Amino acid sequence: MLLKSLSLDMRHQKKGLAFKALKVLPDMIKLSHPDKDEIILTVHHSNVPAINLYKKIGFIDKGYRFNGEEGEEFIFHFALD
């Protein structure tokens with residue numbers, strides 16, 4: 001399952017909302033798409049707050065990279081087991 005985009009309006013950032021949403025996402029995907037076994041997302045290399053959030057949730061950086069329109073993107077993985 002590819003997570004295409006996750007963003008919060010600046011007025012709602014730093015309130016733990018993205019953390020809460022990402023914590024329930026695996027269970028929601030398991031219920032609605034039981035055939036899927038992984039969540040994949042990309043994040044810009046300079047977006048340190050997002051990188052830290054994804055790692056805190058349990059996403060893993062396996063070292064895959066690609067050059068996006070705005071520079072290097074990291075690919076993160078979350079196993080749905």
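## A pair of residues to start from

Let's begin inside the sheet: Ile40 stands opposite His77 in β3. Keep in mind while you look that this is a predicted model. The strands on the two sides of the sheet's first pairing, β1 and β3, run antiparallel and are joined over 7 bridges. As background, strands of a sheet pair through backbone hydrogen bonds, either parallel or antiparallel.

## The sheet as a whole

In what order do the strands lie in the sheet? The order is β1-β3-β2, in an open sheet of 3 strands with antiparallel pairing. β1 (38–44) and β2 are the edge strands, each with a single partner, so one side of each has no neighbour in the sheet. From one strand to the next, the twist averages 30°.

## The chain from end to end

Now step back to the full chain, which has 2 helices and 3 strands. Starting at the N terminus, the elements follow the pattern α-β-α-β-β. The radius of gyration is 13 Å, close to the 12 Å that the globule rule gives for 81 residues, so the chain is as compact as a globular protein of that length.

The C-alpha trace spans about 35 × 30 × 20 Å along its principal axes. How many of the residues are buried? Of the 81 residues, 27% count as buried. Contacts also tell you about the fold: among those between residues at least 6 apart in sequence, 57% join residues at least 24 apart.

## A buried charge in β3

Glu73 lies in strand β3. This residue is buried, yet it has no salt bridge. Which side chain of opposite charge is nearest to Glu73? That is Arg65, 9.7 Å away. A salt bridge needs a nitrogen of Lys or Arg within 4 Å of a carboxyl oxygen.

What surrounds Glu73? Leaving aside neighbours within four places in sequence, Glu73 is in contact with Thr42, Val43, His44, Tyr64, Arg65, Phe66 and Gly68.

## Salt bridges

The whole structure has 5 salt bridges. One of the salt bridges joins Lys30 and Asp27, whose side chains meet at 3.9 Å, N to O. These two residues are 3 apart in helix α1 (residues 17–32), which means that about one helical turn separates them. Lys30 is partly exposed, with a relative accessible area of 34%, and Asp27 is also partly exposed, at 49%.

Another salt bridge links Lys36 with Asp35, where the closest N and O atoms are 3.6 Å apart. Here Lys36 is partly exposed at 34% relative accessibility, whereas Asp35 is exposed at 59%. Then there is the salt bridge between Lys62 and Glu38, with the closest N and O atoms 3.9 Å apart. This pair connects distant parts of the chain, with Lys62 in strand β2 and Glu38 in strand β1, 24 residues apart. Glu38 is partly exposed, with a relative accessible area of 21%.

## Around the loop between β2 and β3

Follow the chain out of β2 (60–68) and you reach Glu69, in the loop before β3 (71–79). Is Glu69 buried or exposed? Its relative accessibility is 82%, so Glu69 counts as exposed. The C-alpha atoms of Glu69 and Asp81 are separated by 33 Å, although the two residues are 12 apart along the chain.

Gly71 is in strand β3 and counts as partly exposed, at 21% relative accessibility. Not counting residues up to four places away in sequence, Gly71 touches His44 and Phe66. Its C-alpha atom is 9.1 Å from that of Ser46, with their positions 25 residues apart along the chain counted as the separation.

## An unusual backbone angle

Most residues other than glycine have a negative phi. What is phi of Lys14 near? For Lys14, phi is near 65°, a positive value in a residue other than glycine. You can find Lys14 in the segment before α1, where this residue counts as exposed, at 84% relative accessibility.

Technical notes:
Residues numbered from 1 in each chain as written. Predicted model: local features only at pLDDT ≥ 70, side-chain atom pairs only at ≥ 80, totals over all residues. Heavy atoms only, no water. Helix = DSSP H or I, 4+ residues; strand = E, 2+ residues; numbered from the N terminus. Buried < 20%, exposed > 50% of the residue type's maximum accessible area, 1.4 Å probe, protein only. Pairing = 2+ DSSP bridges. Axes fitted to C-alpha atoms, helices over the stretch in contact; angles between N-to-C directions. Lys, Arg positive; Asp, Glu negative; His and termini not counted. Contact = heavy atoms within 4.5 Å. Rg over C-alpha atoms; globule rule 2.2 N^0.38 Å.
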